[in-house]
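Student: I want to test the labels people put on structures. Can we take them one by one, value against cut-off?

Tutor: Yes. Here is the case to work on.

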Amino acid sequence: MADNVLMAFGDFKFLIGRSSYNSLSQKISFKWTSLARLRGRPALHFDSIGDETISISGEVFRSDDVPEPRDLYRQLRELGSQGRAQVLVDQEGIFYGKWVLEDLDMKQEEIAPDSRPRRIDFSMTLKRYGEA
């Protein structure tokens with residue numbers, strides 16, 4: 001992967017200085033069934049791995065490299081609207097599997113006289129696509 005790419009989600013690339021993110025957090029749940037015991041604490045039985053999510057947030061500033069920061073949101077919205085799982089790969093080439101875009105938020109800040117934002121704050125939630 002190119003040196004300036006932090007991560008790729010499908011065809012969308014998070015680029016250093018252009019469409020980079022400030023934070024990335026992961027969450028995974030595990031499913032356990034509680035089995036009652038006579039005169040004792042319940043026993044727990046592991047059932048399966050539950051949902052796994054990744055939350056990404058950052059900001060994009062208008063610059064010579066990014067004349068229209070809202071394009072980031074448009075590209076991600078279009079990718080999510082395809083209704084398909086996308087491959088997630090980081091800059092070291094680590095393959096994270098397939099993920100779907102579950103949520104996408106955008107906040108426009110520092111609105112210029114031409115009504116274009118100078119800064120876009122964004123956040124998104126990816127959910128692991130369950131493959132058999």
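Student: Why is Arg-39 called exposed?

Tutor: This is a predicted model, so read every value as computed from it. Arg-39 has a relative accessible area of 85%. Exposed means over 50%. Arg-39 therefore counts as exposed.

Student: Where does Arg-39 lie?

Tutor: Arg-39 is in the loop between strand 3 (23–37) and strand 4. Its phi is positive, about 60°, although Arg-39 is not a glycine.

Student: What makes Thr-125 buried or exposed?

Tutor: Its relative accessibility is 17%. The cut-off for buried is under 20%. Thr-125 is therefore buried. This residue is found in strand 7.

Student: Which residues does Thr-125 touch?

Tutor: Leave out residues up to four places away in sequence. Thr-125 then touches Thr-53, Ile-54 and Ser-55, as well as Val-100, Leu-101, Glu-102 and Asp-103. A contact needs heavy atoms within 4.5 Å.

Student: What makes a set of residues a nonpolar core?

Tutor: Its members must be buried residues of the listed types, such as Leu or Phe, joined through side-chain atoms within 4.5 Å. The largest such core here has 18 residues. Those with the most contacts inside it are Phe-9, Phe-14, Ile-56, Leu-88, Met-124 and Leu-126.

Student: Which elements give two or more residues to this core?

Tutor: Strand 1 (5–9), strand 2 (12–15), strand 4 (40–61), helix 1 (70–81), strand 6 (95–111) and strand 7 (117–128).

Student: Which residues is Ile-56 in contact with?

Tutor: Set aside neighbours within four places in sequence. Ile-56 is in contact with Phe-14, Tyr-21, Ser-23 and Leu-24. Its other contacts are Phe-122, Ser-123, Met-124 and Leu-126.

Student: How do you know whether the protein matches a compact globule?

Tutor: Set its radius of gyration against the globule rule. A compact globule of 132 residues would have a value near 14 Å, but the protein has 19 Å. The two values do not match. The C-alpha atoms fill a box of roughly 70 × 30 × 25 Å along the principal axes. Of the 132 residues, 33% count as buried.

Student: How many helices and strands are there?

Tutor: One helix and seven strands. From the N terminus on, they run β-β-β-β-α-β-β-β.

Student: How many positive and negative charges are there, and how far apart are their mean positions?

Tutor: There are 19 positive and 21 negative charges. Their mean positions are 7 Å apart.

Note on methods
Residues numbered from 1 in each chain as written. Predicted model: local features only at pLDDT ≥ 70, side-chain atom pairs only at ≥ 80, totals over all residues. Heavy atoms only, no water. Buried < 20%, exposed > 50% of the residue type's maximum accessible area, 1.4 Å probe, protein only. Helix = DSSP H or I, 4+ residues; strand = E, 2+ residues; numbered from the N terminus. Rg over C-alpha atoms; globule rule 2.2 N^0.38 Å. Lys, Arg positive; Asp, Glu negative; His and termini not counted. Charge placed at Lys NZ, Arg CZ, Asp CG, Glu CD.
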